[in-house]
Amino acid sequence: QPAAPVALAGVPAGAPIVTCARTTCRYHRPLMIWLSLVAFVVAALAAGLIVRWMRGHACAYGDGMPQRFHLGDVPRLGGAAVLLGLGCSWLLGAVQSQWGGDAGSLRLGGWVGWWLVALLPAAAGGIAEDLTQRLAVRYRLAFTGMSGLLAICLLDLAVPRLGMPWLDTLLLAAPWLGLGIALLAVTGLPHAFNIIDGYNGLAGMVAIIVCLALAHVALQVDDRGLAALLVTTAAATGGFLVWNYPRGILFAGDGGAYIWGVVTALASISLVQRNGDVSPWFPLLLLIYPVWETVFSIYRNTVRGVSPGVADALHFHQLIYRRIVRSVFHDDESRRVLMRNNRTSPYLWGFTLLTVVPAVLFWSNTPVLMAFCGLFVVSYVAAYLAIVRFKVPGWLRR
């Protein structure tokens with residue numbers, strides 16, 4: 001039986017899209033796995049070359065940075081490897097769908113190219129900062145804002161609803177509000193990922209978890225093209241993590257954080273925009289950890305009279321590093337620092353899963369998702385205050 005057509009960005013609403021359910025079931029998973037394998041291998045190989053040839057450039061990253069929690073010079077160009085891996089996979093999938101027959105019904109096409117175009121400004125701004133260490137925050141914000149504007153113009157990206165009747169009525173009356181929220185999400189989420197990118201494997205694993213959760217729900221609503229982009233992004237991130245965790249011989253840098261932020265923002269808004277069954281609070285609960293970390297950091301700096309753009313060492317993951325992770329004593333100081341670094345990330349992986357699991361289970365239930373968002377905010381603040389006041393349970397420090 002023919003499957004119901006799914007509206008895609010860049011595809012006219014009335015375009016005939018007919019797929020065979022039997023063919024889809026047989027081919028779309030192997031094709032998605034193949035594209036993911038390409039993304040993983042390309043990213044891993046590119047990361048290995050960066051580690052081999054760019055180690056000397058890593059000395060440009062100053063020892064005085066407050067967010068520095070490692071010893072030695074480590075390249076910060078992992079984002080370039082992730083971009084190369086997902087870019088090759090996305091383009092290969094688009095070419096396969098256009099010219100080789102869309103046997104897997106992934107419906108990848110020209111719209112994938114627009115995703116890459118929207119992603120490039122943010123990625124370029126982050127990689128430029130990783131190379132020079134001289135790109136001011138306002139310029140990096142301008143680059144991610146450019147990605148947001150391109151997404152709105154090229155992909156017709158907008159937030160169509162917020163899950164509350166009076167707000168949905170307001171969005172219908174003033175569509176520019178939906179465009180503004182989309183612009184804010186694409187502009188701000190890359191910087192939220194950059195804030196939590198402090199320890200080996202932390203931001204990368206959070207990105208993988210979020211991408212796979214979004215892909216799972218995309219498959220539930222038969223949005224296979226979006227699921228393919230998310231799965232290949234997770235695979236490219238996995239190729240980078242081969243060199244990042246646990247050894248920490250390559251960092252994602254601003255470029256990697258911005259790529260993860262833009263891709264998850266585009267995917268979150270597109271999933272809600274194209275599928276009415278998906279609650280807009282589903283992606284918010286998925287991403288509540290980096291989002292709330294950013295909001296709380298702005299509040300904390302404002303109260304202290306410090307500009308929100310000034311880096312500090314008071315983020316949640318940094319407090320866990322200092323006050324929960326037990327010291328590992330070795331004769332080699334660098335090895336001790338590395339092991340404490342590696343032991344910090346799993347605490348935050350578990351913290352992330354506390355929101356991802358209910359989000360995946362209740363992806364269409366707005367009231368439940370809203371309740372879990374509120375529960376996370378309360379839990380975060382309570383945990384932060386407990387760590388600051390040295391009231392952490394002993395079992396967490398073992």
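In this predicted model, helix H14 spans residues 366-388 and carries both Tyr 380 and Tyr 384. The two tyrosines are four residues apart, about one turn of the helix. Both of them are buried.

The structure holds 13 aromatic pairs. In the case of Tyr 380 and Tyr 384, the ring centres are 6.2 Å apart and the planes meet at 25 degrees, so the pair is stacked. The angle decides this description, because planes under 30 degrees apart count as stacked. These two residues also belong to one aromatic cluster, whose other members are Tyr 289, Trp 292, Phe 296, Tyr 299, Phe 351 and Phe 376.

A second helix to consider is H7, which runs over residues 202-220 and has 19 residues. From its first C-alpha to its last, H7 reaches 28 Å, close to the 27 Å expected at 1.5 Å a residue. Of the 19 residues of H7, 14 are buried, so this helix is largely enclosed by the rest of the structure. Just after H7 comes Asp 222, which takes a positive phi of about 65 degrees.

Another buried position is found in helix H3, which covers residues 110-132 and includes Gly 126. The relative accessible area of Gly 126 is 0%, so this glycine counts as buried, the cut-off being under 20%. Apart from its neighbours within four places in sequence, Gly 126 is in contact with Asp 254, Gly 255 and Tyr 258. The distance between the C-alpha atoms of Gly 126 and His 191 is 9.9 Å, and the two residues are 65 residues apart along the chain.

The surface offers a further feature, a nonpolar patch formed by Trp 34, Leu 37, Phe 40, Val 41, Leu 45, Leu 92 and Val 242. Together these residues have about 630 Å² of accessible area. Helix H1, residues 21-53, gives the most to the patch, with five residues. Leu 92, also a member of the patch, lies in helix H2, which extends over residues 78-99. Its relative accessible area is 34%, so Leu 92 is partly exposed; this class lies between the limits of 20% and 50%.

Key. Residues numbered from 1 in each chain as written. Predicted model: local features only at pLDDT ≥ 70, side-chain atom pairs only at ≥ 80, totals over all residues. Heavy atoms only, no water. Expected span 1.5 Å × (residues − 1). Buried < 20%, exposed > 50% of the residue type's maximum accessible area, 1.4 Å probe, protein only. Patch = residues over 30% accessible without salt bridge, like charges linked within 9 Å, V, L, I, M, F, W, Y side chains within 5 Å. Areas by Shrake-Rupley, 256 points an atom, 1.4 Å probe, with all protein chains shown as cover. Salt bridge = Lys/Arg side-chain N within 4 Å of Asp/Glu carboxyl O. Contact = heavy atoms within 4.5 Å. Phe/Tyr/Trp six-rings, centres within 6.5 Å; stacked < 30°, edge-to-face > 60°.
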